[in-house]
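Please open the structure in your viewer and keep the selection tool at hand. The tour below moves from site to site and says what to select at each stop.

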Amino acid sequence: MTRAFLIVMDSVGIGGAPDAAEFGDAHGTDAGANTLGHIAAACAAGRAEEGRSGPLCLPVLDGLGLGAALTLASGVTAPGLGAVPQGRWGAATEVSRGKDTPSGHWELAGVPVPWDWGYFPNTVPAFPDTLVAEVCRIGGVAGILGNCHDSGTAIIDRLGAEHMQSGWPICYTSADSVFQIAAHEGSFGLDRLIALCEGLAPTLHAMKIGRVIARPFVGEPGAFSRTSNRRDFAIAPPAPTLLDWVQDAGCPTHAVGKIGDIFSHRGIGKLHKGKDDAALFDHLDRLIDTAEPGSLTFANFVEFDSLYGHRRDVSGYARALEWFDARAGAFLARLRPGDLAVFTADHGNDPTWHGTEHTRERVPVLVAGLGVGEIGPCAFVDVAASVAAHLGLPSQGPGRSFL
Ligand SMILES: O=P(O)(O)O[C@H]1O[C@H](CO)[C@@H](O)[C@H]1O
Ligand SMILES: [Mn+2]
Ligand SMILES: [Mn+2]
């Protein structure tokens, strides 16, 4: 019996999205945002030397077809990449109208987003008075801090001390459809922060705001750091996804990392969480031995995005890719006959691009366990159709299997 491992490298885009200009991610004759392509170019030019050195070195993912997928998506030939692929490889295009994590994951799981997400304006205040009043009522506070667009690390540096003094939660958003609350685990309390986010979620979801996110932090003024106790309260997918298709067929599902949160816990069998991507890869290494016949393991590795993409840290992103590549090699060596492993991504987050937001890009689809060959240009939903076909399940989404 077969097993499937669907592994999302969060934000590892390969450029070339046909609609990038509509998202502000291409201008004029500029080739546009290209997470992998621009990281590889920076590495080759000696501009990504912190904690690593030289051209980007990803022999395992490139051996599956990463460099070939990059060239297919965006026409870029990246220094250090471009081996003759030993896997099946393609470049996938998204149709959902958001370049956010839920849109990307749901569409990979067979369900494009049929609605326009709600967003908050990039003004101060960013939030309507009625929403602020709701935060105050549920949180038992007299006011909020922030009320603006910002980077999550910058805003705790700026407002963390005032938050500890006043007890007011720090509420902020971004270009994504999110409402985020940062609060100190000690002075405000982690359970209280999570209860506040959970209590606000129905109101925000009714506004088609995709997620309410608890962003707890610890430390003292001048030395705050976010913890791994982040919680996302996401709106539910609009239709059953690949996870439901598998579960409804009586087969086990394993969610590694934030997959459970992203799918609002629909179709999730066992949850495997961890404090960082290394701990998540330990889960994957265990599941390669223990996952049941017929099961789907769906994993998200978030640190490319959260620690390096949003922080515009090119060296850090390159380091993370090289670390991941080595772990992927050890993982793939343990695949069994009948196993399928797919490496892909949910959107881009080019660390060389302006701002601190996601970027609209195509994503790689790298498949181990199905022999060698070009999948070529494909759709996000084709990933779900292919995984379902591999597990012997009828695909219920619009995708076409590349099996
Ligand atoms: O700057 P931080 O708090 O990491 O926020 C980032 O994380 C959010 C959710 O993934 C995105 O909307 C992005 O703004
Ligand atoms: Mn993401
Ligand atoms: Mn992100």
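**A tour from the annotated site outwards**

Begin by selecting D10, which is buried, with 23 other C-beta atoms within 10 Å (buried means 20 or more other C-beta atoms within 10 Å of the residue's own, exposed 12 or fewer, and partly exposed in between, with C-beta atoms placed from the backbone). This is a predicted model, in which local features need pLDDT of at least 70 and side-chain atom pairs count only at pLDDT 80 or more, while totals for chains, interfaces and linings use all residues. Residues are numbered from 1 along each chain as its sequence is written, and chains are lettered from A and ligands numbered from 1 in the order in which they are written.

D10 sits in the loop between β1 (3-9) and α1 (35-44); helices (H or I, at least four residues) and strands (E, at least two) are DSSP runs numbered from the N terminus. Leaving out residues up to four places away in sequence, D10 touches T101, N300, F301, V302, F304, D305, A345 and D346, where contact means that the C-beta atoms, placed from the backbone, lie within 7 Å.

Add D346 and H347 to the selection, since the "binding site" annotation of an unreviewed UniProt entry covers D10, D346 and H347; such positions are given in the numbering used here, feature names are shortened, and annotations may be inferred rather than shown by experiment. These residues span 338 residues in sequence, yet no two of their C-alpha atoms are more than 7.2 Å apart, so they gather at one spot.

Stay with D346, which lies in the loop between β12 (339-344) and β13 (363-368) and is buried, with 29 other C-beta atoms within 10 Å. Beyond its neighbours within four places in sequence, D346 contacts V8, D10, T101, G104, H105 and L108.

Which residues are around ligand 1? Select T101, S151, G152, S174, D176, V178, Q180, I213, R215, S306 and H310, the criterion being a C-beta atom, placed from the backbone, within 6 Å of the molecule. The elements giving two or more residues to this shell are β5 (178-184) and β6 (211-220).

Move next to G222, found in the loop between β6 and β7 (223-226), which counts as exposed with 8 C-beta neighbours inside 10 Å. From C-alpha to C-alpha, G222 and D350 are 28 Å apart in space, and 128 residues separate them in sequence.

Finally, show the whole protein chain, which has 13 helices and 14 strands, and whose C-alpha trace spans about 60 × 50 × 35 Å along its principal axes. Of its 403 residues, 55% count as buried.

Technical notes: Two residues are in contact if their C-beta atoms, placed from the backbone, lie within 7 Å.
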